[in-house]
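Student: Could you walk me through one part of this model up close? I'd like to see the second largest pocket and what surrounds it, and then how that fits with the rest of the chain.

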Amino acid sequence: MKEIPKSYDFREVEGKWYRFWEEKGYFRPSLDPEKPKFCIVIPPPNVTGSLHIGHALNNTIQDILARYKRMDGYDTLWLPGTDHAGIATQNVVERELAKEGRTRHDLGREAFLERVWQWKERFGNRIIEQLKRLGASCDWSRLRFTMDEGLSRAVREVFVRLWEEGLIYRGDYIINWCPRCHTALADIEVEHKPTAGKLWYLRYPLVEGSGEVVVATTRPETMLGDTAVAVNPEDERYRDLIGRKVRLPLIGREIPIIADKSVDPEFGTGAVKVTPAHDFADFEMAQRHGLPLVKIMDENGRMTAEAGPYAGLDRFEARKKVLADLEAQGFLVKTEDYEVMLGHCYRCDCVVEPLISKQWFVRMKPLAQPAMAAVENGFIRLVPENWNNLYFDWMRKIRDWCISRQIWWGHRIPAWTCEACGRTSVSREDLKACPECGSERLRQEEDVLDTWFSSALWPFSTLGWPEKTEDLRSFYPTSVLVTSFDILFFWVARMIMMGLHFMGNIPFRTVYIHALVRDEKGQKMSKSRGNVIDPVVMIEKYGADALRFTLAALAAQGRDIKLSESRIEGYKHFVNKIWNAARFVLLNLEGFEPCELKAEALPLVSRWILSRLSRTIERVRNRLEAYEFDQAALAIYHFFWHEFCDWYIEAAKLYLREEGEVRTLVQNVLYQVLETSLRLLHPFMPFVTEELWQALPHEGESLMVAPYPRPEEALLDEKAEREMAFLMEVIVALRNIRADYHIHPTREIPAVILTEKTSLQALLEREKALVQLLARAGEIEIRESGRPEGAASVVLSEAEVFVPLEGLVDLEQEMARLKKEREKVAKEIQRVEARLQNPNFLEKAPAEVVEKEKARAQELAERLKRIEENLARFEALKT
């Protein structure tokens, strides 16, 4: 039998087995038509990225599913890839150029794109190598990139078809604009943050006669672009003013007072300024009323010629100057503090401006309706289901999607404008001449597509669409998508829309939405807080298996993960426990001969462990199918550590002393439970399980492709489980008495067990040797009645356990020790309570310190209670 080292060194093991799996081709599906199919497409990480703890959680969950299904007989494809990440990648390369004192414009478009491709080749696969270290069993031979040749073709095909169907259009529209990144942003790419601001009240005089209208605004510089003042038609205060005109302060333009039901009479004065070129709600209002658009700010965040005397000023400088002039000329009525939800660019954090711009859009409502129906009718299931309402709410309110971006890195929009006749043409192939007039004076659209446009096609483009490939036939629709909630709308909803539209079928059957990973106090991880846990560092320190199992064990549905390094270290101890258990089994398999395990030939404890194993297998499989990864992981953990290691391995020592069939049977049970447990654990801890499985007698080349365990009904034994539960209760009672009375661990203790049930008396007689071994007990007397004197006791549900203390414990000495300990604990309680009653401490100490002291007070109170109980027991024994 192969001997393994005393301790587990993951550094020697992980790389070895990962290379072995890759070389053997285990990550690739067989495309066997007889096998059921299972497919996951990876949420493609950005090429700019490195593995963070959210990636580690997301990919651990995917790998657990992929390995489980592969072992369970499914032809499994976990398809990997990376995203070109338009704005993020361009920003990285532009920062490199800035260090050289150059800009992308100095290089020109083609040379700049060549520079980005060079950067991608050098750094773009860093995260792939990190995923391999985590143990990700992706089929790397199918690795895709959102700008590879095949996906680029798919993107162009989708764009052209949507154009031909009238679902893509170009027009002036109000969009979110980032003055730093110089590009449009989709609504969900804008992060709204509560910000302390002001509400300024401005006086707009009536053109005819005396009087005025006072409006309230949070952005006074935009008043330069006002083209109306709006009031609610039901507002009695302004009914007589509707249709009249006011003169715009500072500029002098005459603008109308209009009535619109969208105006909130409770906001400010109930009258609002209307700036259609710089506010989304105002733009919609202008469309309803035919108002002109006056653009007073440009793409750099500077005021245009339309801003009159403020032209050329930065937007924030303009605000100061406008406010100063309004006040000087008597138009500023008052100022109030006001919290605003300020939009920021999700990439650079710059304050976003709503601007009128010529952009490309996808009409979303026709695509959204089938996508809503797919979830409503149960064709796609969101897990947990509480995300359904948010999904429906967003889809009902969906606006057209601005898909053009004013950057160079990305899929260039396949549209050409003829400078001779003015026609815009969209084409699957690059155009050389105008299809309308034949002129060769064509100018291709400069903008590129939003990164999320190509990502929306991911489930079918990665499988070969628009070609009708074997992969597409075999694996579409995919089985499950694993993602975080923050890209539910960026990505998931759009994939559903595009999959239904172009494939006529859903892209996946289930969407598992996992929570965020936070620090141990529940705070978001950030570099500024210094609370980031780097998964690569954790892998180097504790091994991939420990990190993976920690994340799985904490991945409860609908609840954020509170992660600390100590948790990972704790599950590293579990890895060591598995190693040590396997080492014990291997050391005791000398002369091992496989044999059939028949229940009637096995001792009680063996029947019990096999029954518990079968129940654990059933629970793990059920929890995995329900995406309850924490429950699956904890079921294995509890069984292996607290049943197999704590009880069965210790009990097995009784039978390993024997010869012949008794020893052979227990060897076979040890082997079967360990080997099955390794298969059960493999999706969670692939490396240590493969290393140990290879050391055991086994069939097949690798644990990775061994069958996943299935519960065996023949092994279920409720009677054995009931009887062992009773024996364990007795043994724990004896151990507790030993601990409570400070009896030395190596000293045998006598015991008297009273029970009126003859069946339990018979059980105790049969298993007396097992109780003696596991409780380190000497003589055990089993009877129906007759409480011994001078004995410590524990009352159980169906028995009472006694340990006569004469000769074991010096009562006076033990009581003196307990009284001394009581005095010490009481003083500590006094000190802690004094702190907790100190208002100065409660006000100034950090919340976590206060909570720690409260927990300490509770712990001390419980400790004092135990001391008092022990003293009372000793007093009773004296009498």
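Tutor: Here's a walk through that pocket, followed by the chain as a whole and a few local spots worth finding on screen. Keep in mind that this is a predicted model.

Let's start with the pocket itself. The second largest pocket has a volume of about 1200 Å³. It is lined by 38 residues, and the closest to its centre are T218, R219, D279, V340 and M341. If you want to find the place quickly, put those five on display.

Which elements give two or more residues to the lining? On the strand side they are β7 (190-205), β8 (212-217), β12 (271-274), β13 (332-345) and β14 (353-362), and on the helix side α8 (280-289) and α9 (315-328). Among these, β7 gives the most, with seven residues. As for chemistry, the lining splits by class into 18 nonpolar, 10 polar and 10 charged residues.

Now zoom out. The chain has 879 residues, and 55% of them count as buried. Its secondary structure comes to 28 helices and 29 strands. Along the principal axes, the C-alpha atoms fill a box of roughly 110 × 70 × 55 Å. The accessible surface is about 39600 Å², and carbon and sulfur atoms hold 47% of that. If you take the contacts with a separation of 6 or more, 77% are between residues 24 or more positions apart.

Next, jump to strand β29, residues 800-804. Four of its five residues are buried, so β29 is largely enclosed by the rest of the structure. It has a partner in β28 (residues 791-795), with which it pairs in the antiparallel sense over five bridges. In that pairing V795 stands opposite E800. Four residues lie between β28 and β29, and the two strands form a hairpin. Strand β26 (residues 749-754) also pairs with β29 in the antiparallel sense, here over three bridges. One bridge to look for there puts I753 with V801 of β29. As you step along, remember that in a regular strand the side chains alternate between the two faces of the sheet.

A few backbone details are worth a look too, beginning with cis peptide bonds. One joins V383 and P384, with omega of about 0°. P384 sits in the loop between β15 (381-383) and α11 (388-396). Another cis bond runs from Y476 to P477, with omega near 0°. You'll find P477 in the loop between α14 (470-475) and β22 (478-484).

Then there are positive phi angles in residues other than glycine. H182 has a phi of about 55°, and its place is the loop between β5 (168-178) and β6 (183-185). L250 has a phi near 70°, and it belongs to the loop between β10 (245-247) and β11 (254-259). Are these two buried or exposed, or something in between? The cut-off for buried is under 20% relative accessible area. L250, at 19%, is therefore buried, while H182, at 29%, is partly exposed.

Conventions: Residues are numbered from 1 along each chain as its sequence is written. This is a predicted model: local features need pLDDT of at least 70, side-chain atom pairs count only at pLDDT 80 or more; totals for chains, interfaces and linings use all residues. Side-chain values use heavy atoms; hydrogens and water are left out. On a 1 Å grid over the protein atoms alone, a cavity is a set of points where a 1.4 Å probe fits but cannot get out, and a pocket is an open set with protein on both sides within 12 Å along at least five of seven lines; lining residues have an atom within 4 Å of a point. Grid points are joined across faces, edges and corners, and a volume is the space filled by probe spheres set on the points. Ala, Val, Leu, Ile, Met, Phe, Trp, Tyr, Cys and Pro count as nonpolar, Asp, Glu, Lys and Arg as charged, and the others, Gly among them, as polar. Buried means under 20% relative accessible area, exposed over 50%, partly exposed in between (1.4 Å probe, protein chains only). Contact means heavy atoms within 4.5 Å. Accessible areas come from the Shrake-Rupley method with a 1.4 Å probe; for residues, only the protein chains shown count as cover. Two strands pair if DSSP finds at least two bridges between them.
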